[in-house]
Protein chains: 2
Amino acid sequence: MAESSKPILYSYFRSSCSWRVRIALALKNIDYETVAINLTKDGGQQFSGEFQALNPMKQVPALKIDGITIGQSLAIIEYLEETRPTPRLLPWDPKKRAQVRMVSDLIASGIQPLQEPCHGEALDTRERGLGVHPHLPCLCWSHRLPDCRGLWGSLRRWPEKMVTSLPTRGPDGRKELAGSRNLSVLKQVGQENQLTWAQQAITSGFNALEQILQSTAGRYCVGDEVSMADLCLAPQVANADRFKVDLTPYPTISRINKSLLALEAFHVSHPCRQPDTPPELRA
Amino acid sequence: MAESSKPILYSYFRSSCSWRVRIALALKNIDYETVAINLTKDGGQQFSGEFQALNPMKQVPALKIDGITIGQSLAIIEYLEETRPTPRLLPWDPKKRAQVRMVSDLIASGIQPLQEPCHGEALDTRERGLGVHPHLPCLCWSHRLPDCRGLWGSLRRWPEKMVTSLPTRGPDGRKELAGSRNLSVLKQVGQENQLTWAQQAITSGFNALEQILQSTAGRYCVGDEVSMADLCLAPQVANADRFKVDLTPYPTISRINKSLLALEAFHVSHPCRQPDTPPELRA
């Protein structure tokens, strides 16, 4: 990775957390380079030694900027806000800022992890168009861990009758998971069940979010200016779409999302328009 | 709930997210009242209509202050920082602030959800001294959702052979889960498996955290001043202790935690010294 004066965003086109940061960079008109970290290739490029040295969390996004590397999407956005304050992504009023951060945290910690996949092999099945990730629902959460694959080890000690056909594992369960094309977990849990799980998770979060937004929103999540909360909202609604969540009960969420998608910064940063977007998914 | 000029913290003694906020309030010497929300009583008091009206996320902590109610622990701490800046919990240097927020988010979104229980009935078993929560590991995450109990519904559609003895549920699964004393999930998954699961989750997160702290820490997580990151660290290490995680591989985490626990603000805010701490757990 050559040195560069431009910020470098380590990103994956489909990562909703990466999308949040891409929107911030676009809104603030910050020129940057993208280094694509393919979460499905080579057993997950985020697990490479080179990337781990850069970001011990082994996650995207990470932003190399001003001589430091920052992980965690909200921490990145807050840094951009403090060092490149125009246009602002946090209102001037501390109470409104609290609302922005509350909505952001609700999405980033309370909803998003539920339906985002582990960054392991099995993600490939989504790329192949199955539409939902093939992990056990509980493993969906683990994408936020530096290396969720280790968690599979514990499953080996689950009672046999609970987990009857996890992928075969040798002494090194991690390696085998990473390299395997075994889709037995998907078959076992069933696409419909996973979809139901994800839908319930998102619905539960959106119930709270809709209620909160009804009291905080103007044109956007908090008042009439785009804020960090909106950078979390649009990618989350995209996740909801992917999991076929009925958005009818969420008129405020839907209305705001529609307004956001009409903005240039949300358009250019969209997963279907990234350097690493596969041709068949480009729009 | 009577009006009060004092801030009101809706808290549960054992909630590590509540503890984060209690530390902030103590450090900043902010006088406040505690309203205990017992996450195990009455099927979880956070699900009451009264509390839902206050905090649609149905979670603790929530802080009523300056005429608003804020949910999400980090959003609360950031608000306190902006309105009561002394002593500061974020360094003045934006790069250091980014490090503080990165570490905070890593713990708050990437580690903590893994081992904190759903706020439903089954938590009771921990109160009774079993030491680990009796939910399926995947459900541990769901405490961050406004009402994680809804997720149980989806389990009903899991293949029978995967989940053979979840609590019996009627047409309204939520009500029955909340009221049941059925420990079959605990029996099914097994205490040892849950412990292993939690340990792997924490270990995976701590591997990244230790590496990050080795480059950011002074006496505390980032430099020599207590910051928001430290408010996340100590409660997380307490969780690690509870789940019997071997801290030997984490000398930096351990050293910082020891320094933190010696501070008055961390002492008075500790779970074993709260108004709602049961007598047998007081210290």
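In the predicted model, chain B contains an open sheet of four strands, arranged in the order β2-β1-β3-β4 and combining its strands through mixed pairing. The edge positions are taken by β2 (33–36) and β4 (68–71) of chain B, each of which has a single partner strand, so that one side of each remains without a neighbour in the sheet. From one strand to the next, the twist averages 20°. At the β4 edge of this sheet, strand β3 (residues 62–65) of chain B runs antiparallel to β4(B), to which it is joined by four bridges; within this pair of strands, Ala62(B) is placed opposite Gly71(B) of β4(B).

Chain A comprises 14 helices and four strands. Of its 283 residues, 53% count as buried, and, among the contacts in chain A with a separation of 6 or more, 67% are accounted for by residues 24 or more positions apart.

Two packed helices are described by the angle between their axes and the distance between the axes. For helix α1 (residues 16–27) and helix α3 (residues 73–83), both of chain A, the axes come within 9 Å and cross at roughly 10°. Because angles under 35 degrees count as roughly parallel, α1(A) is classed as roughly parallel to α3(A). On the α1(A) side, the contact involves Cys17(A), Arg20(A), Val21(A) and Ala24(A), which meet Ser73(A), Ile76(A), Ile77(A) and Leu80(A) of α3(A). By residue class, the contact of α1(A) with α3(A) divides into six nonpolar residues, one polar and one charged.

How values were computed
Residues numbered from 1 in each chain as written. Chains lettered and ligands numbered in written order. Predicted model: local features only at pLDDT ≥ 70, side-chain atom pairs only at ≥ 80, totals over all residues. Axes fitted to C-alpha atoms, helices over the stretch in contact; angles between N-to-C directions. Helix = DSSP H or I, 4+ residues; strand = E, 2+ residues; numbered from the N terminus. Parallel < 35°, antiparallel > 145°, perpendicular 65-115°, else oblique. Contact = placed C-beta atoms within 7 Å. Nonpolar A, V, L, I, M, F, W, Y, C, P; charged D, E, K, R; others polar. Pairing = 2+ DSSP bridges. Buried ≥ 20, exposed ≤ 12 C-beta atoms within 10 Å, placed from the backbone.
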